[in-house]
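Please open the model in your viewer and keep the selection panel at hand, since each stop on this tour begins with something to select.

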Amino acid sequence: MPLLNEDVKQQVREQLAGLESPVRLVMFTQEFECDFCAETRQLVQEVAGLSDQLEAEIYDFVEDEEQAEDYGIDKIPAVAVVGEEDDYGIRFYGIPSGYEFTSLLEAIRRVATGDAGLTGETLRFLSQLSDPVHLQVFVTPTCPYCPQAVVLAHQMALASPMVQADMVEAQEFPHLSTKYQVMGVPRTVINESTFVEGAAPESLVLQKLQESVANEEE
Amino acid sequence: MEFEPTLASAEAAEGEQSDASGDAYELVVIGGGPAGLTAAIYAGRARVRTCLLVGSLPGGQPASTAGVDNYPGFPEGIGGAELAQRFQNQADRFGARIIPDSVTEVDFSQHPFSIRTGRGAYHGKAVIVATGAAPRRLGIPGEDKFYGRGVSSCATCDGFFYRDKRVIVVGGGDSAVDEAIFLTKFAEQVTIIHRRDELRATRIYQEKAMANPKIDFIWSSVVEEILGDQTVTGVRVRNVKTQDTEMVRADGVFVYIGMEPRSDVFAGQLELDNQGYIVSDRHQRTNIPGVFVAGDVQDPHYRQVVIAAGTGAAAAMEAERYLGKYP
């Protein structure tokens, strides 16, 4: 049974019409598919079928070790949204369903245009990064505030080769939710140690990012 | 978990924003809840060139509630997110440009009106303000420290983290009681703390809550402090009749003590009442001709989806009339 009904498919087709360049949805699952692995794979395949510019690549987390390493995948289900040439570091861990479906479509559109859509101030800061930055945005699919935080993190990944940005679906990775003390979403974890609660505006996330980078340099 | 995709059409915006012809929009609607979306439906259908700035919560308050039981036309009730999505699909269908951007500043002293967001500026010959309301905070020690880490106002977002835990819901209105019932799906125990000795919620919610074995009540009491070191461990509660205080153990606190109008950005330009609601006449007009208002940001009394939608429709019709006279 398809996950997306005809109405939704039609809307997605319209939203993805006119993608400027090819985008690959690189998905990792395994032979005995984990909770939500099968659904995530099916979702990726259905979405890929809605635009000529989209292609789904499905890998096995265990057997395709090399690809998993290339994309830095450490848990599944995982989806990397990748440009024709460039991997910007945009990741979804767990199924991008519910409100996060919006984040997936947004990531596809952003990668296709290559336009991060951030303010000049943010772009200037990101261009000066000398060390890698890892953003993990914890979400639940029923959280209407969450896509704002996920999209912002993905925009930063798109803007800078130093930034990797993950959506992490909290319910599917309870050990990570525990590790990072997630009791509410969205919660953005910057480099393991700096936290942003809620759907914060770009200026506030930038400030937290600057603090985090400054702390590490000390 | 069911797979329910939620779509928000998202267009990037940077710099000066006008419609395709290079002119200002005829109408800029600020706010993506039932009022703003209904205004966009009406304006779009009337062929008014409209853009809608949806802000931080696409779909507005219904998007963060589990379900809406009293919106006409849905006899079985409807999920809050689904209702919001339906509003948005309808606005989309009639051609409103829906933009996921939040307003940071407005200038209603010049015409066309100027509306700034983090990314750029929009111009409109008419404006409808439908920014809605945001959850009121308790304003007590511990609340800021634990907000997003044990204190929440979104049960649909955060309920999952309280599986087999004890939670407190503060409040006694529809939202408090409805969300308390929702939280029993996850939590082992839900305690409603209310400052009066009876609930204000609609009878049907009261009956459901009273019948739920996981829900108990602490009456005539207010929460004075949220306690905990790294995580929330409980609250200090004071009985307003006896003045006795007690500690109540809990892993999380959900606050539903009403809403505050989101009108800060308009202060000094639009007339506000002493509670911060935007003042309007019976035709949704503000003190500035061409600026209209709809929904919870101008409604201290009802705060219902159907009424927000109704005022949104009225505001759009008034805006259309205004634009018709516009030179």
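Begin with Gly120(B), which is partly exposed because 16 other C-beta atoms lie within 10 Å (20 or more would make a residue buried and 12 or fewer exposed, with partly exposed in between, and C-beta atoms are placed from the backbone). This is a predicted model, in which local features need pLDDT of at least 70 and side-chain atom pairs count only at pLDDT 80 or more, while totals for chains, interfaces and linings use all residues. Residues are numbered from 1 along each chain as its sequence is written, and chains are lettered from A and ligands numbered from 1 in the order in which they are written.

Extend the selection to strand 9 of chain B, residues 120-129, where Gly120(B) is found (strands are DSSP runs of E, at least two residues, and helices runs of H or I, at least four, numbered from the N terminus). A distance label from Gly120(B) to Ile226(B), 106 residues apart along the chain, should read 40 Å between C-alpha atoms.

Next, select residues 6-105 and 120-217 of chain A, which are domain 1 and domain 2, with bounds from an automatic or database domain assignment. Their C-alpha centres lie 20 Å apart, and 18 residues of domain 1 of chain A are in contact with 21 residues of domain 2 of chain A (C-beta atoms, placed from the backbone, within 7 Å). On the domain 1 side of this contact, strand 4 of chain A gives the most, with four residues.

Finally, select Val169(B), whose contacts, not counting residues up to four places away in sequence, include Ala176(B), Leu183(B) and Phe254(B).

Key:
Contact = placed C-beta atoms within 7 Å.
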